[in-house]
Amino acid sequence: MGSMIRFLAAAALSLCAGAALAAEDKISVTDLAGRTVEVPKHVERILLGEGRQIYIVAALDRENPIGRIAGWKDEFERSDLDTYRLYQAKFPGIDAIPDIGDPEEGTFNTEQAIALKPDVLFLLLGQKPAAEESGLIKTLEGAGIATVFIDFRDEPFTNTEPSVRLFGQILGRQDRAEDFIAFYRQQLDLVLGRLSKADAPKPKVMIERAAGTGWGAECCASFGDENFGRMVRMAGGTNIAAGLIPGAFGVLNPEQVTVANPDVVIATGANWSQFVPDGGWVGLGPDADQAKAKERLAALVRRPAYTGVKAVADGRVHAIWHQFYDSPYQFVGVQQIAKWLHPDLFADLDPEATFRTLHERFLPIPYRPGYWVSLAPAG
């Protein structure tokens, strides 16, 4: 009997020691949903709920950004083909990353995700309701896989810094994350600081989301007071859709655009040849064909919504890379929009140099211009 008691006591001590050791191998983080999540201290394999999260993974894991990506939602190539090709050229293994689907679209492959043996799954805040409703978070938790929510899209100017910090903590790149955040703040302050001291007018701006794709409506998908809508406000403009679209994304009818009579029109564009091959979208991104982009942009503002609009008459029509809307690089977009809205106030600001510096300091791919385009004034 005494030997049995000693055996059970030893076993209990062993279990406690094992639990203590396991606890020592974990760290606790607070994600953007306010959840406290335990993740391994040394994360080796991750899943990305959106492939474009590579924008921050690459900034933190510059030497081999795909090395820890065990699987992802495979929209990166379709959403941003030109950038994908730059990564593909340097890291050909990117083509072999498995597609895990998207809980928001009902395509997430839970069995495959578990079989890939990841340590952590990063999801967008917008994917949270579907992930909870399907039981995905609990299922992965039961398999020892942590789920962490981040956000570069719904409220980017509130959530980018904590999201970058989360990636830094989990990937063991805290110093690199803080360097990125410092650069982010410095570049954003070049706009915010100057505007705070200037008594500058606030031109009315129409931002057309993914113009020419037909997503949502032929015309005119736009932004409320978040995302690109917030960028307009931060750049010293008045977003005409702010009081018409609740939340971040929505649609204006053409008459609303015409009546608002914006001073400036900005369309968002990218190389969507794999999404909408026959669309009238403005192809922007690294090495974009500027002449073709201008032709597409000119065609877009010939639609009825822009008939007689001041921005068109004055030649204040522009297009900007759509992916600023869902990446930690949106401060570059703010700089460019500020330059369009207040050309005299920001005559010395060089967003091209800002984006080039970001690539040189943080990213593994070379900088190639092509992220924005403007129409020349008529006449």
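# Exercises on burial, salt bridges and voids

Helix 14 is mostly covered, with 11 of its 12 residues buried (buried means under 20% relative accessible area, exposed over 50%, partly exposed in between, with a 1.4 Å probe and protein chains only). Helices (H or I, at least four residues) and strands (E, at least two) are DSSP runs, numbered from the N terminus. The model is predicted, so local features need pLDDT of at least 70 and side-chain atom pairs count only at pLDDT 80 or more, while totals for chains, interfaces and linings use all residues. Residues are numbered from 1 along each chain as its sequence is written, and side-chain values use heavy atoms, with hydrogens and water left out.

## Exercise 1

Task: list the buried residues of helix 14 and check the span of this helix against its number of residues.

Solution. Step one is the list: Gln-330, Phe-331, Val-332, Gly-333, Val-334, Gln-335, Gln-336, Ile-337, Ala-338, Trp-340 and Leu-341 are buried. Step two is the expected span, taken as 1.5 Å times one less than the number of residues. For the 12 residues of helix 14 (residues 330–341) this gives 16 Å, and the end C-alpha atoms are 17 Å apart, which agrees.

## Exercise 2

Task: place Thr-268 in the fold, state its burial and name its contacts outside the local sequence.

Solution. Thr-268 belongs to strand 11 (residues 264–269). Its relative accessibility is 0%, so Thr-268 counts as buried. Contact means heavy atoms within 4.5 Å. Leaving out residues up to four places away in sequence, Thr-268 touches Ile-207, Glu-208, Arg-209, Ala-210, Ala-211, Phe-223, Phe-228, Ile-320 and His-322.

## Exercise 3

Task: for Asn-261 and Asp-287, describe the backbone angle phi and the setting.

Solution. Start with Asn-261, which is not a glycine yet has a positive phi of about 50°. Asn-261 sits in the loop between helix 11 (254–260) and strand 11. With a relative accessible area of 28%, Asn-261 is partly exposed. Next comes Asp-287, also a residue other than glycine, with a positive phi near 65°. Asp-287 lies in the loop between strand 11 and helix 12 (290–300). At 53% relative accessibility, Asp-287 counts as exposed.

## Exercise 4

Task: how many salt bridges does the structure hold, and which parts of the chain does the pair Glu-105 and Lys-73 tie together?

Solution. The criterion is a side-chain nitrogen of Lys or Arg within 4 Å of a carboxyl oxygen of Asp or Glu. The structure holds 21 salt bridges. One of them joins the side chains of Glu-105 and Lys-73 at 3.2 Å, N to O. Glu-105 is in the loop between helix 4 (81–90) and helix 5 (110–115) and Lys-73 in the loop between strand 4 (69–72) and helix 3 (75–79), so the pair ties together parts that are 32 residues apart in sequence. Glu-105 counts as exposed at 52% relative accessibility, whereas Lys-73 is buried at 11%.

## Exercise 5

Task: describe the salt bridges Asp-225 to Arg-230 and Lys-310 to Asp-263, then name the members of one salt-bridge network.

Solution. The side chains of Asp-225 and Arg-230 meet at 3.7 Å, N to O. Asp-225 is partly exposed, with a relative accessible area of 29%, and Arg-230 is buried, with 19%. In the bridge between Lys-310 and Asp-263 the closest N and O atoms are 4.0 Å apart. Lys-310 lies in helix 13 (residues 310–314) and Asp-263 in the loop between helix 11 and strand 11, so this pair ties together parts 47 residues apart in sequence. Lys-310 is partly exposed at 38%, and Asp-263 is buried at 16%. Salt bridges that share partners join Glu-50, Arg-52, Glu-75 and Asp-326 into one network.

## Exercise 6

Task: give the volume of the largest pocket, the residues closest to its centre and the make-up of its lining.

Solution. On a 1 Å grid over the protein atoms alone, a pocket is an open set of points with protein on both sides within 12 Å along at least five of seven lines, a cavity is a set where a 1.4 Å probe fits but cannot get out, and lining residues have an atom within 4 Å of a point. Grid points are joined across faces, edges and corners, and a volume is the space filled by probe spheres set on the points. The largest pocket has a volume of about 450 Å³. Of its 26 lining residues, Arg-52, Arg-153, Arg-209, Trp-215 and Tyr-325 are the closest to the centre. The lining divides into 9 nonpolar, 7 polar and 10 charged residues (Ala, Val, Leu, Ile, Met, Phe, Trp, Tyr, Cys and Pro count as nonpolar, Asp, Glu, Lys and Arg as charged, and the others, Gly among them, as polar).
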